[in-house]
Amino acid sequence: MESSVTSSVIDLRHYRHGSLPDGFKELLISVHADAYAEAMDNEFNQRFPWFVDHWSAMDGFTCVVAFDGEEPTGFAYGAPLPPGREWWRPTNYQPDNGYTSTYAVSEVMVRPQWRKKGISAQLHEALLKERSEDLAVLLVDVTHPRVQDLYESWGYRKVGEQQPFADSPLYAVMLKDLRA
């Protein structure tokens, strides 16, 4: 039986630290500005260019951008976290048999006119497909329970909460076992 979810994504393009094309940062910033158009007066959202610089400079940074023709529809990116700096450390989570290598999914974002077409799931799956880490971790604003539910449907579970920056929201810390 064919899925009733249709997607207009024609192309998923993969990018890595050290080989990012000219205009890459601006592409992500433009998608973010569209995705958060109604919340861009929030100071934390205005710092997104800093986050792009921070993440894209990390060894192991990977990004998948979805395109409808030449129009970017969304992206997902992240990087492996250094041992001891995993986002789940401040929670009560106990790794299974020492499996602690962790890939942080920092962003999964789709522009409004392309939402509800399965693009975020495609981006997330493509981002994690080749990962060798034991775990994937991401943070979800606790005031967005539907987003948390979506990640749970992708195999994540909430293991705690944290506020990584004084001006950031309180986030649910969510983990997914990549060895399964």
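Here are three short exercises with worked solutions on the structure above.

The model is predicted, so local features need pLDDT of at least 70 and side-chain atom pairs count only at pLDDT 80 or more, while totals for chains, interfaces and linings use all residues. Residues are numbered from 1 along each chain as its sequence is written, and side-chain values use heavy atoms, with hydrogens and water left out.

**Exercise 1. Strand 4 and its partners**

Task: Find which strands pair with strand 4, and in which sense.

Solution:
- Step 1. Helices (H or I, at least four residues) and strands (E, at least two) are DSSP runs, numbered from the N terminus. Two strands pair if DSSP finds at least two bridges between them.
- Step 2. Strand 3 (residues 71-80) runs antiparallel to strand 4, with seven bridges. Here Tyr77 stands opposite Glu107.
- Step 3. Strand 5 (residues 135-141) pairs with strand 4 in the parallel sense over three bridges, and Thr102 faces Leu135 there.
- Step 4. Now check burial: buried means under 20% relative accessible area, exposed over 50%, and partly exposed in between (1.4 Å probe, protein chains only). Seven of the nine residues of strand 4 (residues 102-110) are buried, so this strand is largely enclosed by the rest of the structure.

**Exercise 2. Two acids in one loop**

Task: Look at Glu133 and Asp134, and work out which charged side chain lies by each.

Solution:
- Step 1. Glu133 and Asp134 both sit in the loop between helix 4 and strand 5.
- Step 2. A salt bridge is a side-chain nitrogen of Lys or Arg within 4 Å of a carboxyl oxygen of Asp or Glu. Arg131 forms one with Glu133, the closest N and O atoms being 2.8 Å apart. Glu133 counts as buried, at 9% relative accessibility.
- Step 3. Asp134 is also buried, yet has no salt bridge. For this search Lys and Arg count as positive and Asp and Glu as negative; His and the chain ends are not counted. The nearest side chain of opposite charge to Asp134 is Arg179, 4.1 Å away.

**Exercise 3. A link across the sequence**

Task: Among the 11 salt bridges of the whole structure, trace the one between Asp34 and Arg111.

Solution:
- Step 1. The two side chains meet at 2.7 Å, N to O.
- Step 2. Asp34 belongs to helix 1 (residues 24-35) and Arg111 to the loop between strand 4 and helix 4, so the pair ties together parts that are 77 residues apart in sequence.
- Step 3. Asp34 is partly exposed, at 26%, whereas Arg111 counts as buried, at 12% relative accessibility.

Key. A polar contact is a pair of N or O atoms within 3.5 Å; within protein, one must be able to donate a hydrogen and the other to accept it, and residues adjacent in sequence count only if both atoms are side-chain atoms.
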